Amino acid sequence: MTVLWQPMPWLRTAAYTFWMPGGVTAELDGIDEDEEADARCGLSALTVEMVQRGAGAYNSRQFVAAEDNLGITSNGAASTSMTGFSAAMPADSLVPAIGLLADQVRRPHLPIDQFEDAKLMLRQEMLANQDEPTQRLMRRLRQRQYGRALGRSAVASELSLESLSMEHVREFYLEQYHAGSSILSIAGNFDEAAVCDAVDAAFGDWKTGSWGGLPAAEPIDGHEHIELPSSQTHIGFSYDNIPYGHPDYFIMRAGVGILSDGMSSRLFDRVREQHGLCYSVWASTHSIASSTDREGNAVPATAAVFGYAGTTPQRAQQTLDLTIHEVQHLCDDLSEDELERWKVRIQSSLIMEQESAGSRAGSMASDQFQLGRVMPTEELEAAIESIQLDQIKQYFQAHTPQSFRIVTIGSEPLAGGSVWSETNEAPGRGTAPALSTGDNDE
């Protein structure tokens, strides 16, 4: 287990972020058949739910009360790569909080009498996700961008809620919850010697294990329309990108920031404000770290830019066309003012991170997982400040996105990103073929 910490003595708080193997893709370990894979949907999230229902010397209610008495606000969730637990608290509560964390991940009760209640929580999340078109859209877009395995969601299905058993949870816990490849990141106001002793006492003799790594990306090209009678149309798009850690990452990130960070960004200003085409529009970067599978094969890092726009059916085609146009023509008229505004936003975020133990603990864990090291704040500031406008122009001229994966939800399919024109008033007008109503990949 890798342990990281950063003292922040000017704060009155402390926080930890804890990541370990046992993410969503681990549900597929030893499974080949699609139906069996579908029957395991939500297993990692169900295990997280169960380990939080009593641990160590505490039953479920006592554990919650112990955290409340210490002023601890905690959370647990399963992501693609890892299972994570995080907490923020008054500085004096950090040492006992580490002990409670160890109880939770090492000595959970996994009470059978609360299993159905835990599954009910997953069902409620599943139903909420089905009722929220934006979440449904981005889940499907992620599957198309990364493939069925790497793009797998933590949300359960009707099939899995019927088939998952307590035995599945116990097996998943025993196989995936261990010190191997785990990361504990701590930030805030604390005594380093006391924290070192607390971590050693809590985790020093924890069993180790191996991480099976991540599956390779298997993207599904093309477009998809999901029919839903609605007064709104939801548009999602993605394209291949370079991962965090690439030498040009921050140059690329500056360009995407000019495109979509804040209310002065191009997508917000030109698509939403100037043309009044949509109520929401954005784009963001996403990276998945490299890994090594159980056979020792290297699985390279992969990354994408994901974007979204929400609008009306009458304005949907124009919204898609102009959004894609702005992405592809970013470097046509870049200005120094845009770059400086983006730098100020990043610097402001870094300043705010220095006032939040939770944010710093999370970013350190992310750096360690993605880069194999923690990037000092000073190094990040220097990298951001050194970016020049010509570098952004050169990068996007050489890497203009040409191929998009597009998913839409609404009453009518759209053309797949036609050439933008100011006179392109009617929905559906364009040069690209209409999106299909679905693919045969499921």
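# Reading a predicted model

Biologist: Where should a reader begin? Are Tyr 244 and Phe 250 buried or exposed?

Modeller: Tyr 244 and Phe 250 are both buried. Keep in mind throughout that this is a predicted model.

Biologist: How many aromatic pairs does the structure hold?

Modeller: It holds 15 aromatic pairs. To classify a pair, look at the angle between the ring planes: under 30 degrees is stacked, over 60 is edge-to-face, and the rest are tilted. Take Phe 18 and Trp 206: the ring centres are 6.1 Å apart and the planes stand at 35°, so this pair is tilted.

Biologist: Which parts does the pair of Phe 18 and Trp 206 tie together?

Modeller: Phe 18 belongs to strand 2 (residues 13-20), while Trp 206 sits in the loop between helix 9 (192-203) and strand 6 (223-227), so the pair links parts that are 188 residues apart in sequence. Phe 18 and Trp 206 are both buried. Together with Phe 203, these two residues form one aromatic cluster.

Biologist: And what kind of pair do Tyr 244 and Phe 250 make?

Modeller: With ring centres 6.3 Å apart and planes at 90°, Tyr 244 and Phe 250 are an edge-to-face pair.

Biologist: How do I read a sheet?

Modeller: Strands of a sheet pair through backbone hydrogen bonds, in a parallel or an antiparallel sense. Here, one open sheet has five strands in the order 1-5-2-4-3, with mixed pairing.

Biologist: Which strands stand at the edges of that sheet?

Modeller: Strand 1 (2-7) and strand 3 (73-78) do; each has a single partner strand, so one side of each has no neighbour in the sheet. On average, neighbouring strands of this sheet are turned by 10° against each other, direction ignored. For one pairing in detail, take strand 3 and strand 4 (residues 83-90), which pair in the antiparallel sense over six bridges. Thr 73 has Ala 88 in strand 4 as its bridge partner.

Biologist: What packs on this sheet?

Modeller: Helix 9 packs on the sheet and touches strand 1 and strand 5 (183-188), with its direction at about 160° to that of strand 1. Helix 14 (residues 357-371) also packs on the sheet, touching strand 1, strand 2 and strand 5. The direction of helix 14 makes about 30° with that of strand 2.

Biologist: There is also an open sheet with strand 6 in it. What is the order of its five strands?

Modeller: The order is 6-12-7-11-8, and the pairing is mixed. Strand 6 and strand 8 (278-288) are the edge strands, each pairing on one side only. From one strand to the next, the twist averages 15°. Within this sheet, strand 7 (residues 233-240) and strand 12 (residues 405-410) pair in the antiparallel sense over five bridges, and Ile 235 stands opposite Thr 408 in strand 12.

Biologist: Which strands does helix 6 lie across?

Modeller: Helix 6 (residues 133-146) lies across strand 6, strand 7, strand 8, strand 11 (302-311) and strand 12. It runs at about 150° to strand 11.

Biologist: How is empty space found?

Modeller: A probe the size of a water molecule is rolled over the atoms to show where empty space is left. In this model, the second largest pocket holds about 1,100 Å³ of space. Its lining counts 38 residues, and the closest to its centre are Asp 38, Cys 41, Arg 148, Ala 149 and Arg 152. Helix 6 gives the largest share of that lining, four residues.

Biologist: How many cavities of 30 Å³ or more are there in the whole structure?

Modeller: Three are found. The largest cavity has about 70 Å³ of space, and the residues lining it include Gly 257, Asp 261, Glu 338 and Trp 342. Helix 10 (249-260) and helix 13 (336-353) are the elements that each supply two or more lining residues. Helix 13 gives the most, with four residues.

Biologist: How should I read the buried side of a helix?

Modeller: An α-helix has 3.6 residues a turn, so residues three or four places apart point the same way. In helix 11 (residues 266-274), the buried residues are Arg 266, Leu 267, Phe 268 and Val 271. Helix 10, strand 8, helix 12 (316-328) and helix 13 are among what covers them.

Biologist: Which residue with positive phi follows helix 11?

Modeller: Gly 276 follows helix 11, and its phi is positive, near 60°.

Terms used
Residues numbered from 1 in each chain as written. Predicted model: local features only at pLDDT ≥ 70, side-chain atom pairs only at ≥ 80, totals over all residues. Heavy atoms only, no water. Phe/Tyr/Trp six-rings, centres within 6.5 Å; stacked < 30°, edge-to-face > 60°. Buried < 20%, exposed > 50% of the residue type's maximum accessible area, 1.4 Å probe, protein only. Pairing = 2+ DSSP bridges. Axes fitted to C-alpha atoms, helices over the stretch in contact; angles between N-to-C directions. Contact = heavy atoms within 4.5 Å. 1 Å grid on protein atoms, 1.4 Å probe; cavity = no way out; pocket = protein on both sides within 12 Å on 5 of 7 lines; lining within 4 Å. Points joined across faces, edges and corners; volume = space filled by probe spheres on them.
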